[in-house]
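This report describes a structural model for readers at the bench. Please keep the sequence and the structure in view while reading.

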Amino acid sequence: MSAIFKLGLVALLTVFAGTASASKTLVYCSEGSPEGFNPAFFSTGTTYDASSVPIFDRLVAFAPGTTQVVPSLAQSWEVSKNGLVYTFHLRHGVKFQSNALFTPSRDFDADDVLFTFLRQMDPKQPLHRLSAGQTFAYWQDMGMDQIVARIEKLDPYTVRFTLRHPEAPFLADLAMDFASIDSAEYYGKMQARGTPGIADEKVIGTGPFQLVSYQKDAVIRYQAFDQYWRGRAKIDHLIFAITPDAAVRYAKLKTGECQVMAYPNPADIAAMKKDPNIVVYSKAGLNIGYIALNVEKKPLDRLRVRRALALAIDKGSILKLIYQGNAQAAKNLIPPTLWSYNHQVEDTPYDPARARALLVKAGLPQGFAIDLWYLPVSRPYNPDGKRMAELIQADWARIGVRARLVTYEWGEYLKRSKDGEQQAIMYGWSGDNGDPDNFFTPLAGCAAVQGGGNVARWCNKDFERLIQAAKISTNQAQRAKLYERAQAIMKQQMPLIPIAHSLEFTPVRKEVLGYTMDATAHHNFYGVDLAR
Amino acid sequence: MLTYLLKRLGMVIPTLLGITLLAFSLIHLIPGNAAQALSGERGMSPERYRQLAHQLGLDRPLSTQYLDYLGHLLHGDFGRSINTHEAVVKEFLTLFPATTELALCAILLALLLGLPAGILAAVKRNSFIDYSVIGASLTGYSMPIFWWALLLIELFSVKLGWTPVSGRIAIVYDFPTPTGFMLIDAWRSGQAGAFRSALSHLILPALALGTIPLAVIARMTRSAMLEVLREDYVRTARAKGLSWFSVVCVHALRNALIPVITVIGLQVGTLLTGAILTETIFSWPGIGKWLVEAIHRRDYPVVQGGILISACIVISVNLAVDLLYGVVNPRIRHGR
């Protein structure tokens with residue numbers, strides 16, 4: 001090796017080291033490998049964190065930390081009076097990312113929107129099915145085929161969706177991961193090369209980060225997309241260190257091998273909060289755990305009895321003992337992160353004396369016997385159904401209500417509860433799209449009584465009228481009012497006793513600035529900066 | 001020799017058939033199936049579930065599914081992962097070098113520490129050294145890997161800061177890995193510090209995975225050596241005035257090695273089982289972690305294929321060990 005060459009090498013290395021230290025790299029200890037990088041095929045949060053969140057944008061978005069729908073690739077939209085036609089005006093000058101195989105020749109436009117949705121919707125679209133078993137899972141699961149009738153391009157920057165029936169949550173559906181906008185040009189090029197599958201692996205989006213490389217079960221690398229329409233991200237490199245064990249993720253956070261970690265062990269939260277290097281963010285999850293009271297079964301058909309049972313439950317103890325403080329007491333069916341949450345509703349206090357008095361008034365001074373079904377599995381909204389049932393059993397015993405604890409294997413539990421065999425039953429829900437309708441209709445709507453998730457089997461005319469009106473109205477302020485009234489009715493009628501919204505946690509190192517927890521449990525690093 | 005080999009190979013076929021049946025039944029015994037796992041937390045409509053189950057062939061009788069699977073196997077087709085749609089064999093081959101690298105280092109560590117410890121314990125019988133080796137190996141053998149691994153991380157990575165917590169190499173290094181063996185690829189990449197980083201990432205997982213084989217090898221070496229050291233030819237060798245080293249390491253050790261080799265061969269199974277836990281804890285992208293994930297997702301082709309290929313490897317290694325006896329000890333002859 002000649003001296004000059006050596007010198008050059010040293011200089012090069014110095015330059016490299018210099019740039020390396022000047023650039024900002026954020027390492028996120030994620031919990032698992034994504035199933036793939038095209039979010040339309042998959043339905044897990046792990047995959048969305050790695051694909052739709054950093055790489056893609058959608059027509060509309062949820063404002064940071066809330067489920068408020070705000071403009072994104074669509075700059076504005078109009079909805080027809082009858083709620084059937086949605087016209088989106090697309091943003092100009094939005095650039096697509098590039099990679100070794102593809103450099104976009106044009107900006108984002110209506111063709112990309114049409115390609116994205118028609119591919120999921122139309123079985124005749126050539127790329128509708130690439131390989132066996134691959135399906136557009138969420139499009140189908142959300143029943144989009146029953147909602148969307150047609151999609152048309154009016155001009156290069158205007159797209160019109162026509163629905164089969166009025167459906168206000170449709171807008172929130174479009175903010176979901178499966179609605180991430182692909183580049184029609186990229187797929188076209190890859191199809192012309194005879195390798196359309198590549199476009200689903202080495203994905204191209206309009207989002208804040210572009211995919212650099214992925215090593216299964218090890219690491220995903222992204223770099224900031226310089227031409228991102230909302231402005232370049234403050235960090236230069238984003239790296240996912242895939243670390244499936246929560247204790248190991250915590251260890252890596254402590255040593256600084258990563259700056260943000262996913263899904264901590266609830267048992268570690270207390271220690272994390274004491275660590276001066278770690279900041280623990282928390283937020284009520286998009287979920288609810290509750291006890292439904294089957295109004296078709298005696299004596300739960302009587303309002304006084306239902307209220308007595310609610311008054312007799314010591315929610316504070318449940319929160320402390322079952323959730324270990326990692327939950328927020330629930331008073332409504334929807335969590336407070338959802339718009340239209342009714343803050344005016346007052347939580348039922350713990351008051352056994354009043355409960356007993358109500359039972360006397362109801363003509364049941366001796367109390368009664370009741371079956372209480374408890375969850376056979378741990379759910380995000382209820383970590384330990386059995387212990388919770390035992391606490392409630394003891395609470396109810398104080399007012400003379402003798403609860404018999406019942407459970408079944410999970411599948412059987414769901415099936416029997418849909419058939420309406422239960423009296424009191426533990427139940428819960430994790431939301432999908434941040435629209436209140438996603439809680440009210442499946443859990444308390446009249447249609448959900450028959451074979452649905454309305455395990456209280458409660459069909460109230462006034463409540464139903466309100467949520468149906470809210471489903472059709474396209475004015476969000478008006479919808480919020482309707483849902484607030486619906487919550488008041490629900491509280492008054494007490495078909496179910498809300499227990500808790502479990503909290504979600506994201507521990508980050510103190511040098512991480514500007515991190516916001518998503519309302520939909522995604523981990524979003526656009527807007528995050530690193531202190532030096 | 002040839003007849004022996006053929007006989008042994010003949011036994012492999014029913015064994016493998018049994019393994020496919022076992023793997024198939026076990027994964028189907030777990031409640032839930034791939035279609036349910038795909039639906040995630042929110043569940044799916046009954047029509048959609050039926051459609052998906054049909055697409056995946058899950059609505060057919062189990063016996064049909066099994067025979068169908070066997071039929072494909074005979075054509076060398078291990079199927080495709082339900083989740084990633086990649087061919088099972090391709091995924092296995094991508095991830096296997098990582099497991100091999102880890103397992104080789106673990107067994108190397110076990111040999112380098114276990115053999116001398118066992119010899120020393122045997123020679124210094126009933127001494128403090130002997131009791132220490134016996135005690136330590138018993139502890140090592142009974143230690144649950146996941147707990148032991150977390151202790152190692154807590155001590156060496158978090159408290160002392162000597163080794164990284166997990167992964168195969170520091171994230172600043174980004175180079176192609178054509179061989180899949182990180183030590184080799186890091187060396188060939190020529191990037192400053194890459195090899196050192198890869199090595200430092202390997203130490204804790206190799207130690208965690210190597211602990212059980214290390215304990216077994218130390219104990220086995222000790223008891224085999226004790227046996228051999230009592231033999232007449234050892235006394236003769238001593239009487240001839242040979243050096244201590246020559247008596248122990250040449251005359252005694254070679255004969256003591258036979259049971260030890262058997263045990264090492266059997267450890268391949270232990271290593272592959274242990275790799276499942278070790279890889280999950282140390283975020284090591286090998287087949288162990290791959291299988292765990294597949295079980296969670298009820299990814300039948302991956303679980304079945306992964307178990308079958310791993311079983312083939314264990315069987316081949318055991319066969320190789322049996323053949324190796326003849327090399328180590330000429331008194332054992334196969335054939336006739």
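The sections below cover the basis of the model, chain B, the disulfides, the nonpolar regions and the salt bridges.

## Basis of the model

The model is predicted: local features need pLDDT of at least 70, side-chain atom pairs count only at pLDDT 80 or more, and totals for chains, interfaces and linings use all residues. Residues are numbered from 1 along each chain as its sequence is written, chains are lettered from A and ligands numbered from 1 in the order in which they are written, and side-chain values use heavy atoms, with hydrogens and water left out.

## Overall view of chain B

Chain B contains 13 helices and zero strands, where helices (H or I, at least four residues) and strands (E, at least two) are DSSP runs numbered from the N terminus. Along the principal axes, the C-alpha atoms of this chain fill a box of roughly 85 × 60 × 40 Å.

Of the 336 residues in chain B, 45% are buried; buried means under 20% relative accessible area, exposed over 50%, and partly exposed in between (1.4 Å probe, protein chains only). Chain B exposes about 17,000 Å², and carbon and sulfur atoms supply 69% of this area. Accessible areas come from the Shrake-Rupley method with a 1.4 Å probe, and for residues only the protein chains shown count as cover. Among contacts in chain B with a separation of 6 or more, 73% come from residues 24 or more positions apart; a contact means heavy atoms within 4.5 Å.

## Disulfides

Two disulfides are counted over all chains, a disulfide being a pair of cysteine sulfur atoms within 2.5 Å. One of them joins Cys29(A) to Cys258(A), with an S to S distance of 2.3 Å. The torsion about this S-S bond is about -100 degrees, so the link of Cys29(A) and Cys258(A) is left-handed. Cys29(A) lies in strand 1 (residues 25–30) of chain A and Cys258(A) in the loop between helix 10 (246–255) and strand 11 (260–261), so the pair ties together parts that are 229 residues apart in sequence. Cys29(A) and Cys258(A) are both buried.

Another disulfide joins Cys446(A) to Cys459(A), at an S to S distance of 2.0 Å. Cys446(A) and Cys459(A) both lie in the loop between helix 17 (437–444) and helix 18 (461–472) of chain A, 13 residues apart. Their link is right-handed, with 95 degrees about the S-S bond. Cys459(A) is partly exposed, at a relative accessible area of 41%. With bonded cysteines counted along the chain, the disulfides of chain A follow the pattern 1-2, 3-4.

## Nonpolar cores and a surface patch

In soluble globular proteins, nonpolar side chains tend to be buried together. The largest nonpolar core here has 73 residues, and those with the most contacts inside it include Ile291(A), Leu309(A), Tyr323(A) and Trp396(A). A nonpolar core is a set of buried Ala, Val, Leu, Ile, Met, Phe, Trp, Tyr and Cys residues joined through side-chain atoms within 4.5 Å. Not counting residues up to four places away in sequence, Leu309(A) touches residues including Leu293(A), Phe368(A), Ile370(A) and Trp396(A). Apart from the largest core lies another, of 50 residues, among them Val113(A), Tyr138(A), Met144(A) and Met176(A).

On the surface, Phe146(B), Trp147(B), Leu151(B) and Leu277(B) make a nonpolar patch of about 380 Å². Such patches consist of residues with over 30% relative accessible area and no salt bridge, with nonpolar side chains (Val, Leu, Ile, Met, Phe, Trp, Tyr) joined within 5 Å and like charges within 9 Å. Helix 7 (residues 145–159) of chain B gives the most to this patch, with three residues. Leu277(B) lies in helix 11 (residues 244–281) of chain B and is partly exposed, with a relative accessible area of 37%.

## Salt bridges

The count comes to 34 salt bridges over all chains, each a side-chain nitrogen of Lys or Arg within 4 Å of a carboxyl oxygen of Asp or Glu. Asp109(A) and Arg106(A) meet in one of them, at 3.2 Å from N to O. Asp109(A) is buried at 11% relative accessibility, whereas Arg106(A) is partly exposed at 25%. Both residues are linked with Asp112(A) in a network of salt bridges.

A salt bridge between chains pairs Glu154(B) with Lys254(A), at 3.3 Å from N to O. This pair runs from helix 7 of chain B to helix 10 of chain A. Glu154(B) is partly exposed, with a relative accessible area of 28%, and Lys254(A) is also partly exposed, at 26%.
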